[in-house]
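Me: I would like to learn how to read a model such as this one, going from whole chains down to a single residue. Could you take me through it step by step?

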Amino acid sequence: MEYNIKVWRQRNAKTKGHFETYHVTDVEEDASFLEMLDILNDQLIRQGIDPIAFDHDCREGICGACSLYIDGRAHGPDDQVTTCQLFMRHFQPGATITVEPWRSAAFPVIKDLVVDRQAFDKILQAGGFISVRTGAAQDANAILIPHDDAELSMDAAACVGCGACVATCKNGSAMLFVAARVSSLALLPQGRPEAARRARAMVAKMDELGFGNCTNTRACEMECPKHVTIDHIARLNREYLKARFSE
Amino acid sequence: MADTKLVSKIPEGPLAEKWSKRKSEIRIVSPNNKRKLEVIVVGTGLGGASAAASLGELGYNVKIFCISDSPRRAHSIAAQGGINAAKNYQNDNDSVYRLFYDTIKGGDYRSREANVYRLAEVSASIIDQCVAQGVPFAREYGGYLANRSFGGVQVSRTFYARGQTGQQLLLGAYAALNKEIAAGSVKSYPRHEMLDLVIINGQAKGIIARNLVTGEIERFGAHAVVLATGGYGNTYFLSTNAMNSNGSAAMQAYRKGAFFANPCFAQIHPTCIPVHGDQQCKLTLMSESLRNDGRIWVPKKMEDVLKLRKHEIKPSQIPEEDRDYYLERRYPAFGNLVPRDVASRAAKERCDAGFGVNETGLAVFLDFADAIKRLGHQRVEERYGNLFQMYEKITSSSPWEEPMMIYPAIHYTMGGLWVDYDLQTTIPGLYAIGEANFSDHGGNRLGASALMQGLADGYFILPYTIGDYLSHKFAEPKTDINAPEFAEAEKKVRERIDRIFAVKGTETVDSIHKKLGHIMWEYVGMARNEEGLKKGIEEIGKLREEFWKTVRVPGSNEEFNQELEKALRLVDFFDIGELMARDALHRKESCGGHFREEMQTEEGETKRDDENFMYVGAWEYKGEGAEPELHKEPLKYENIKIATRNYKD
């Protein structure tokens, strides 16, 4: 198979970027999208062209490293997958495919398709944890958690921190990411003493780092590769309101 | 026989009291002195993140490094099935001793008794810790923790969070790390890659790292260095490891004097999605937990095999009596839940006999039809939903309708840096934890035990044992990064980088790495023999020369340059591959994942040679191009009866 790849090129954070179009050949039918980029890079290097930088690691859809805005959609045209789990069978042979980095003020471009997502780490450092020291825990079965609560908590905890929610939101809001962590913990009895502080601190950090506000467009939920739903945003809002009243 | 360079420091006394004894001997550093001490941790997987968080809580000044954009990306995140712990919550007569026994037996009697017992001993605390952190483990309807079974084991001791257990445990450790970063006790350096270890007066005192964004070569000093850098499975190019997983940090330590133990012990996982073509760069694991409910088979009749390959029939159309459930046939006691090495070889045996079920002849079926009938759609969905979805996305075939196709692939490396009971390498002040060390899994690791070891080392063992070393260091000043040893190490790193750019050849790094992968799989793979291993060593040498003549790395050091990153790692993979082959060649026995064709029973099972090989083989670096020297740490089993592994009855 052959494709035309129209891709964002940008040397570093300080220079201006632009689109370039490359022709990639000899792509096997079962290749994944990132394998196609590997093949393209191999061909570019042999032509003396600088290869395209992109983040990737596990290629199993779980590490959250891969990103990419493909033909106008975060993680491309398939549903509930990260880019590494997107396959070329979803594209017409010969098609021109447009590939861009995540587009958000809070995620500055490092090079080509690679962006800096440290803002996510900073939000979690603000309060996305339970303050238990190593060795301070009681027996695990001393804390009973109803089956359905554990399952719901797990639904939220499935977030891989890829940033698709931010990239796809017209406001560049990180509400779904923040909600995933707050809601996952809010559904559990552990960590309640610091729940109010957590909700306030994480929301404040999100605002401080330049993420936009949530206007409930649900775009994040549509593009989340792990199907984290906006129910969790509702739960974050409840936590946040409770926290404000408890101030 | 005892080697003076390998002092394992195993405490005297009864097995069950060794760890308590050691803990009571370890010197403690007072809180005001901890503040003066600095520790570098390299790697942010389960081992690194949990160690850094725990050391930070204790009051040490910690610097933690990872090659990813965030600590949360470390490859521990991809572990699917679960984590073992001797909780006996199922009342199936599990115990610390049984977990210890299963691990030693599963490892084919090539792991260190005292370390494994300690691992089993602290396993229960790991589950407590993770639950307290908010890890959403699977629960029963009464709210109690649920368990499942794993290979090589007859009890249910595996705790899990759907098929994403590694992710949830890592997010727990990462949260603990974030807590300490916020508190200021840990400083995080993402997108930094360690390129050398710095030794001053024979002690590990720091690292040279490359800032992967800017290309700057930076110096970092400390009173001790902890490597939590994972395994070297990517030597084979195609493996279930993440693309960036590599063995370079361990190799740098090896070249600076740390012994490398049992490098030939690599685990080949039986349930991976088969290779589909030459352009593939990564193999995907399907969790071992699937073997709880899935049944593995190939057709009995060759005519059915041929029809399957031509897509003339569907697997579900083959009647029950024409299916060969070969694991259930050969190993009635354990059936589909035999250990990984046994299941992998059995799949290879069937495929070598011509019964492989896809076009390449390298695949067998993993069938859920019975489980769906028995448990119903919803319960199967709850247990394996995300794995079924992942399989369908990759192969465009639904496991709900037709069986999965699977084949073995490189997954984990049991070998690693040699460490003593305190997890210290042969270099004072250098520690290795998790997959990066060798100590707990012998010749074969049991499923759901990698997560257990990473967290045991990081939360409960290293934070204590490292104190013993540091208790002698608090009077020493901060390590001076302007010392000549740092300058020399940095110079060497720069020379290595310049040398790579200077080649200006025609071949890409990946294309050469793929060739290395083929050599490794062919000669140092699932079945090895003397002739092949010698050939392998020769071929690796030739390929290394080819690399230095033909590789092409574009761009420069002073920028974000992924080709340079890969090239630097490949240089080390050549050396690891060679060391693996050398170790496999010397170990003239079959044991766990290491199968020497010359050493097998009539039934094709592994044949150990306890008389000659019941030791840890630790290799000492002797300079570039020189043959490394083998040291032996004899293994003593005082609390377990050594037997031939038997999963048949």
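Reply: What follows goes through the interface, the domains, one whole chain and one residue, and the model is a predicted one.

Me: How many residues of chain A and of chain B take part in the contact between them?

Reply: An interface can be read by listing the residues on each side. Here chain A contributes 64 residues to the contact and chain B contributes 66 residues. On the side of chain A that touches chain B, at least two residues come from each of α1 (33-46), β6 (109-111), α2 (118-125), α3 (147-157) and α5 (175-186). Sorted by class, that side of chain A holds 30 nonpolar, 18 polar and 16 charged residues.

Me: Which domains does the assignment give for chain A, and where are their bounds?

Reply: Domain bounds are read along the sequence, and the placement of the domains is then read in space. In chain A the assignment gives domain 1 as 3-111 and domain 2 as 117-245, and the centres of these two domains of chain A, taken over C-alpha atoms, are 29 Å apart. Their contact draws 18 residues from domain 1 of chain A and 17 residues from domain 2 of chain A, and the domain 1 side of it consists of 9 nonpolar, 7 polar and 2 charged residues.

Me: What does the radius of gyration say about chain B?

Reply: This value is read against a rule for globules. Chain B, with its 18 helices and 19 strands, has a radius of gyration of 24 Å, close to the 26 Å that the globule rule gives for 649 residues, and therefore chain B is as compact as a globular protein of that length. Along the principal axes, its C-alpha atoms fill a box of roughly 75 × 60 × 50 Å. Of its 649 residues, 61% count as buried, and among the contacts in chain B with a separation of 6 or more, 75% are between residues 24 or more positions apart.

Me: Is Thr235(B) buried or exposed?

Reply: Burial is judged by counting neighbours, and the cut-off for a buried residue is 20 or more other C-beta atoms within 10 Å. Thr235(B) has 32 other C-beta atoms within 10 Å, so it is buried, although it is placed in the loop between β9 (224-227) and α7 (248-255) of chain B.

Me: Which residues are in contact with Thr235(B), leaving aside its neighbours within four places in sequence?

Reply: The contacts of Thr235(B) are then Gly247(B), Met520(B), Phe573(B), Ile576(B), Gly577(B) and Met580(B). Phe573(B) lies 338 residues from Thr235(B) along the chain, yet their C-alpha atoms are separated by 5.2 Å.

Notes. Residues are numbered from 1 along each chain as its sequence is written. Chains are lettered from A and ligands numbered from 1 in the order in which they are written. This is a predicted model: local features need pLDDT of at least 70, side-chain atom pairs count only at pLDDT 80 or more; totals for chains, interfaces and linings use all residues. Two residues are in contact if their C-beta atoms, placed from the backbone, lie within 7 Å. Helices (H or I, at least four residues) and strands (E, at least two) are DSSP runs, numbered from the N terminus. Ala, Val, Leu, Ile, Met, Phe, Trp, Tyr, Cys and Pro count as nonpolar, Asp, Glu, Lys and Arg as charged, and the others, Gly among them, as polar. Domain bounds come from an automatic or database domain assignment. The radius of gyration is taken over C-alpha atoms; the globule rule is 2.2 Å times the number of residues to the power 0.38. A residue is buried if 20 or more other C-beta atoms lie within 10 Å of its own, exposed if 12 or fewer, and partly exposed in between; C-beta atoms are placed from the backbone.
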